[in-house]
Each structure stands twice: as C-alpha cells, then as structure tokens.
Amino acid sequence: AIGLVQQLINRPELSSLPLLVLANKKDIGIIKCKDVEKALGVDTLKTRKWEIQEICAVSGEGVAEGQIWLVDNILN
C-alpha cells in the first residue's frame, strides 16, 4: 500500500496540490509523524506543501486541525 501512495504523491499533475496525511492511532501511540514522513517519502517534497497530522479516529482528536490546515492551504 505504501508503494501505491508514493506513486500518487509523486504524480506530476498533483504536484501543485497540498498534501494532508492523517496518521490514525494517536491515542495508542502506534505511529509517529516522522515514521510516516520517511515511509512515504514526503520529506523529499521540496516544492509541495504537505502536513502529517496525528489523529484519533475514535475521539476525533486532530481531525479538525488537519481540515483547517488543508482549507488554509487550498485557499492560499
């Protein structure tokens, strides 16, 4: 699945769009943003705005912050 996501991230026709990755399971500490960043290779994106937002899907924690970031970056 990571390979498919990496292909999508690197598609030229999507390069001008902001990228938001929602990293679920914040409540149990399964994954860290730096791990997701490296696994997907987003740290190599130099001209694209991107954000990795840790979230908890059960409580909704972090979801609103991610949505706000995305809207702000689409409008700018």
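This note goes through the fold, the overall dimensions, the core and the surface of a predicted model.

1. The secondary structure of the chain consists of three helices and two strands, and a reader who follows the sequence from its start will meet them in the pattern α-β-α-β-α. Among contacts between residues at least 6 apart in sequence, 64% join residues that are at least 24 apart.

2. As for dimensions, the C-alpha atoms fill a box of roughly 35 × 30 × 15 Å along the principal axes. A compact globule of 76 residues would have a radius of gyration near 11 Å, and the 13 Å of this chain agrees with that.

3. Of the 76 residues, 26% count as buried, and the largest nonpolar core has nine residues, namely Ile-9, Leu-19, Val-21, Ala-23, Val-36, Leu-40, Val-42, Leu-45 and Ile-52. Both β1 (19-23) and α2 (33-40) supply at least two residues of this core, and the largest share, three residues, comes from β1. In soluble globular proteins, nonpolar side chains tend to be buried together.

4. Ile-52 is a useful residue to look at in the structure. Leaving aside residues up to four places away in sequence, Ile-52 touches Val-21, Ala-23, Cys-33, Val-36, Glu-37 and Val-42.

5. Turning to the surface, the accessible area of the chain comes to about 5,300 Å², and 58% of this belongs to carbon and sulfur atoms. The chain carries 9 positive and 10 negative side chains, and the centres of these two sets lie 5 Å apart.

Notes
Residues numbered from 1 in each chain as written. Predicted model: local features only at pLDDT ≥ 70, side-chain atom pairs only at ≥ 80, totals over all residues. Heavy atoms only, no water. Core = buried A, V, L, I, M, F, W, Y, C linked by side-chain atoms within 4.5 Å. Buried < 20%, exposed > 50% of the residue type's maximum accessible area, 1.4 Å probe, protein only. Helix = DSSP H or I, 4+ residues; strand = E, 2+ residues; numbered from the N terminus. Contact = heavy atoms within 4.5 Å. Rg over C-alpha atoms; globule rule 2.2 N^0.38 Å. Areas by Shrake-Rupley, 256 points an atom, 1.4 Å probe, with all protein chains shown as cover. Lys, Arg positive; Asp, Glu negative; His and termini not counted. Charge placed at Lys NZ, Arg CZ, Asp CG, Glu CD.
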